[in-house]
Structures are given as C-alpha cells and as structure tokens.
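Have your viewer ready and follow along, one selection at a time. Each stop says what to pick and what you will find there.

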Amino acid sequence: MIVEIRNLIKRYNNNLAVDNVSLTIPEGDIFGLLGPNGAGKTTLINTMLGLTELNEGEIRIFGENFRTSERMIKQNIGIVPQDLAIYNELTAYENLQFFGKLYGLKGGLLKERIEEALKFTGLWEKRKVLPKRFSGGMKRRLNIACAILHRPKLIIMDEPTVGIDPQSRNQILESIKKLNEMGSTIIYTSHYMEEVEEICNNITIIDHGKVIAQGTKDELKNLISLEDRIKIQLTSVNYSLEEGIKRVKGVKECVLEGNTLTVISNKNANNLSGIIEIINQMNIEIQGMDFEKPTLEGVFLTLTGRTLRD
Ligand SMILES: Nc1ncnc2c1ncn2[C@@H]1O[C@H](COP(=O)(O)OP(=O)(O)OP(=O)(O)O)[C@@H](O)[C@H]1O
C-alpha cells in the first residue's frame, strides 16, 4: 500500500473536520476522494502531508511516517494544491526552475525535466510568458507541471478542475491518466462525481468528515443496485410482448413506451438471452439496447439523502 491511514481525527476547535477516517491506497491507483464542499477533503490531504497537525490516528506513506522519514516522503510526492501555488512575477520556465531546485534538481537534469514537464502540460510554447497572462486552465496546468518535475511516485491533486473551462478540464483529466500510465499513483479529490467516475479506480466518499462509502467504482454502485435495467429499442411492438417478457425468469417489471421496452430484472438474473428469445419469437427486430448503470451521484444520494452539490 502506498498510503495507509488509520483512525485519523482532526478537529478545528469544536469542529470535527476529519472524523475517524481510515483508508488505504494501493500502488498504481487513481484514487478518488469524493465529497461535497466542506466535507473535509482538503483537511485530510493537508494532514496526510504533515501541513496540518493531526489530533489522533496514524498515517503511513510509502510504509513510513512523517516523524522519521519526512524528507524521503516529500521527495517522492508531487502536490497540486487547491489554491494555485505559482509565482506571477516569474515566467512559466522560471517557475519550474524554482520548484525543480526545491526538489534538488540541477544542471542538465533540471533543464531536461523542465522541458519534459512543460511539453507534457502543453505549455512549452508559453515558457517565456508570465502566468498572470495565462487563462485559469493554463495556470492550473503550470501548477501541475511544477508538481511533476521530479517524477514523483505519488501525485496529490486537490480539486484541480475547479473554475476552469471544459477543454482545459479534459486536458487535465487526460494528463492524469497518462501520469498514471507512466507509473505514478494519483490521489484526486473532487466534488464532481462525473470526473471521479471517469478516471478513478478506488473511491472513498466522505461527508461531514466521515467515510460514508469505500470501494471500487463498481462496488460502490452495487451498493445501490439491487436490480438491472435494460432499455430495448424495437422496430415494432405487439400486445402480447409485455406479458411474454414478464414471464422470463428474474424479470420484475416491464414497461412499453412507444417502441421502447424497459425491462427491470433482479440483480444478476442473467436473463438477457431469455428476453431476446421472446422478442425473436414475435418476429420483432431489435434496433438498439442500453444497460442503464447506477451512478456515484446515485450512491451519494441514497446514502445521505442529498445531492453532491447541495
Ligand atoms: N484552518 C481551518 N480552521 C478552522 N476550520 C477549518 C479550517 N480548514 C477547514 N476548516 C473546516 O473544516 C471542515 C472541512 O473543510 P475542508 O476544507 O477540509 O473541506 P473540503 O472537503 O476540502 O471542502 P472544499 O471542497 O470546499 O475545499 C469545514 O467545516 C471547514 O470549515
């Protein structure tokens, strides 16, 4: 495990910002920390990084703790903080020089890594420009470039897509996938469930400082799905179709609207071939079929009774 957190508690006066959180992050993962604003994501990350003192609990990163191995841990982590950490009065290139030196890079290796990071984030052509002339998305990408210069084993990104345009957002999500393919483990915090759903493998959902659900994307969705839903587009219909489908093993409900048949079955009923057989027997052609999947938004809603954006 690249990160192990046990029973972490962090209070700000009487406010329990992180309430007995335990989680583990395997090497090679894109790990999603999902929760609404104020859920405790940033506090959890800052505590993990030793930037905020914890009240109780234990944190191990790369198997070590901050007390004994702070230098080793920091050298192997790249941080993209929620608040941009770049200098507006230095050019993009100079920003990278500054951060590279902090990580102990120098000479030819520093130059090589700066070029690599700027090309990776699509900013090489803009290397001589001051970030104050950048769009929000470009500033964010520069922030990412500063965090990956030293090829860290673990990259932590705290809401890196807040307030940027959709194109930059997609570029950032693609770059996260690439960094992961190149060998980095990623921790990605967000309150956008679509993003977490798109790129993350293991996910922890927190609310009011507490873990409310943990697992892989599919495990989380399985929490709420006791049924499977299929929508089938047909070329024509007949009156006995619904009756026929309802007799198939595992079918709970069947609704015909126009030429669209929605079949709701018990979870894992494995009855698709039976459904198709009935349709074939009636000489009806199938035009298309959609399996309706439960979403992480649905998981959050079921567990808390609120949407993520409330
Ligand atoms: N420095 C601080 N002093 C006092 N309270 C704080 C501090 N930082 C955070 N909090 C409180 O701790 C709780 C968790 O906040 P945190 O910023 O960790 O949430 P978050 O999930 O990262 O939310 P957001 O997405 O809005 O940043 C909130 O109630 C917040 O008001």
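A residue counts as buried here if 20 or more other C-beta atoms lie within 10 Å of its own, and as exposed if 12 or fewer do. Keep in mind that you are looking at a predicted model.

**Stop 1: helix H6**

Select residues 166-181, which form helix H6. Which residues of H6 are buried? Colour Gln-171, Ile-172, Ile-176 and Leu-179, and you have them. They lie on the same side of H6, because the arc they cover around the axis is only 140 degrees. Residues three or four places apart in an α-helix point the same way, since there are 3.6 residues a turn.

Now turn to the face of H6 directed away from the buried side: Pro-166, Gln-167, Glu-174, Lys-178 and Glu-181 are there, and they are exposed. If you like checking geometry, put a distance between the end C-alpha atoms of H6: they are 23 Å apart, which agrees with the 22 Å that its 16 residues should span at 1.5 Å a residue. Just after H6, click on Gly-183, whose phi is positive, near 120 degrees.

What do the buried residues of H6 pack against? Show S3, H5, S6, S7 and helix H7 (193-199) to see these partners. Several of them are on the route ahead.

**Stop 2: strand S7**

Next, select residues 185-190, strand S7. 6 of its 6 residues are buried, so S7 is largely enclosed by the rest of the structure. Show the side chains: Thr-185, Ile-187 and Thr-189 point one way, while Ile-186, Tyr-188 and Ser-190 point the other way. That fits a general pattern, as side chains in a regular strand alternate between the two faces of the sheet.

Add strand S6 (residues 154-158), which runs parallel to S7 and is joined to it by 5 bridges. Within this pair, look for Asp-158 opposite Thr-189. With S6, H6 and S7 all displayed, you can trace a right-handed β-α-β unit.

**Stop 3: strand S3**

Strand S3 (residues 30-34) is also parallel to S7, again with 5 bridges joining the two. Here Ile-30 stands opposite Ile-186. S3 is mostly covered, with 5 of its 5 residues buried. Ile-30, Gly-32 and Leu-34 point one way from S3, and Phe-31 and Leu-33 point the other.

S3 has another partner to show: strand S8 (residues 202-207), paired with S3 in the parallel sense over 3 bridges. Leu-34 of this pair is found opposite Ile-205 in S8.

**Stop 4: Ala-145 in helix H5**

Move to helix H5 (residues 136-148) and pick Ala-145. Is Ala-145 buried or exposed? It is buried, because 29 other C-beta atoms lie within 10 Å. Setting aside neighbours within four places in sequence, the contacts of Ala-145 are Leu-96, Ala-117, Leu-118, Thr-121 and Leu-123. Glu-115 is 30 residues from Ala-145 in sequence, and their C-alpha atoms are 9.8 Å apart.

**Stop 5: across to the other domain**

Zoom out and colour the chain by domain: domain 1 covers 3-222 and domain 2 covers 226-293. Their centres, taken over C-alpha atoms, are 45 Å apart.

Finish at Asn-259, in the loop between strand S11 (251-257) and strand S12 (260-266). Asn-259 is partly exposed, having 13 other C-beta atoms within 10 Å. Not counting residues up to four places away in sequence, Asn-259 touches Gln-233, Leu-234, Thr-235, Ser-236 and Val-237. For a last distance, pick Lys-41: its C-alpha atom is separated by 46 Å from that of Asn-259, 218 residues away along the chain.

Key
Residues numbered from 1 in each chain as written. Predicted model: local features only at pLDDT ≥ 70, side-chain atom pairs only at ≥ 80, totals over all residues. Helix = DSSP H or I, 4+ residues; strand = E, 2+ residues; numbered from the N terminus. Pairing = 2+ DSSP bridges. Right-handed = clockwise from strand over helix to strand, strands pointing away. Contact = placed C-beta atoms within 7 Å. Domains from an automatic or database assignment. Expected span 1.5 Å × (residues − 1). Arc of directions from axis to C-beta.
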